[in-house]
Amino acid sequence: MTTPTTFPAVLAARLRTDPGQPLVTFYDHASGERVELSVTTWANWVAKASSLLVDELGLERGDRIAIDLPPHWLGTVFLGAAWNCGLVATTAEAADLAAVVCGPDTLAEWAGRSGELAVLACALLPLGVRFKEPVPAGVTDVGIDVWSQPDAFQAWDPPQADDPALEVGGRALSQAELWSEAAATGLVGDGRLLAVADPVSEPAILCEPLLAGGSLVLVVRAEPERLEATYVAEHATARFPA
């Protein structure tokens, strides 16, 4: 079988095969939060975020977006949305940004730049809800504005295989390279990968499960004594780091 070469093609193929299967399961050991998104639910979030970025904020294919979030299920959503729109996902230190997705810890810093780039803020509260207090003027509260977006998105200028997709730490990957390099985590087929890593800096932890028919169990603020119990409870089959 030929490997798809763009994110929209990979996601469409996955939606055809097992839309109801888990794709991203998120654990925060410190708070006790657990969120599980099926392929369909995750795809709906990606579509909503894509529409927010393009239709509401006017981003265009080739624009650069920093994902300045701690490891979180919403980080996987905005990675998917960036690739869905043909944007280049990068980190906070990058230059020539058109947009940034930030969390509460860096909101004040980015709010001061809302006149030069689109600033989207995630409260990182359970269920992806809004901030408890209003965000600064010029900042988009994802927990408010994402819900009104449609559950389907079709880019008018869709990404191509050789479009840049990720630039992190001096490393650059095109749309096609995301998938050709995905098999880096040891996941086999429809297995479940438990990862204690940032999907932005380690995109294979998201890309390989998505491509292979598996799923990601993302654990943050991990407590070492609980990781094995989480691994067993989630029927995980591989770890990253191994």
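Me: Which strands does H3 lie across, and at what angle does H3 run to S3?

Reply: Helix H3 lies across S3, S4, strand S5 (99-102), strand S6 (118-121) and strand S8 (164-168). Its direction is at about 175° to S3; axes are lines fitted to C-alpha atoms, for helices over the stretch in contact (heavy atoms within 4.5 Å), and angles run from 0 to 180 degrees between N-to-C directions. Helices (H or I, at least four residues) and strands (E, at least two) are DSSP runs, numbered from the N terminus. This is a predicted model, where local features need pLDDT of at least 70, side-chain atom pairs count only at pLDDT 80 or more, and totals for chains, interfaces and linings use all residues. Residues are numbered from 1 along each chain as its sequence is written, and side-chain values use heavy atoms, with hydrogens and water left out.

Me: In what order do the strands of the open sheet come?

Reply: Strands of a sheet pair through backbone hydrogen bonds, either parallel or antiparallel. Here seven strands run S7-S6-S5-S3-S4-S8-S9 with mixed pairing; two strands pair if DSSP finds at least two bridges between them. Strand S7 (139-141) and strand S9 (171-174) are at the edges with a single partner strand each, so one side of each has no neighbour in the sheet. From one strand to the next, the twist averages 20°. Take one pair: strand S3 (residues 64-68) and strand S4 (residues 88-90) are joined in the parallel sense by three bridges, and arginine 64 has valine 88 as its bridge partner in S4.

Me: Which residues of helix H1 are buried?

Reply: An α-helix has 3.6 residues a turn, so residues three or four places apart point the same way. In H1 (residues 7-17), the buried ones (under 20% relative accessible area, 1.4 Å probe, protein chains only) are Phe7, Val10, Leu11 and Arg14. They line one face of the helix, because they fall within an arc of 95° seen down the axis of H1; the arc is that of the directions from the helix axis to the C-beta atoms. The buried residues of H1 pack against several elements, including strand S1 (22-28) and helix H2 (39-56).

Me: How many disulfides does a search of the whole structure find?

Reply: Zero, where a disulfide is a pair of cysteine sulfur atoms within 2.5 Å. Cysteine 102 is in none, and the nearest cysteine sulfur, that of cysteine 122, is 7.5 Å away. Cysteine 102 counts as buried at 0% relative accessibility, and cysteine 122 is buried at 1%.

Key: Buried means under 20% relative accessible area, exposed over 50%, partly exposed in between (1.4 Å probe, protein chains only).
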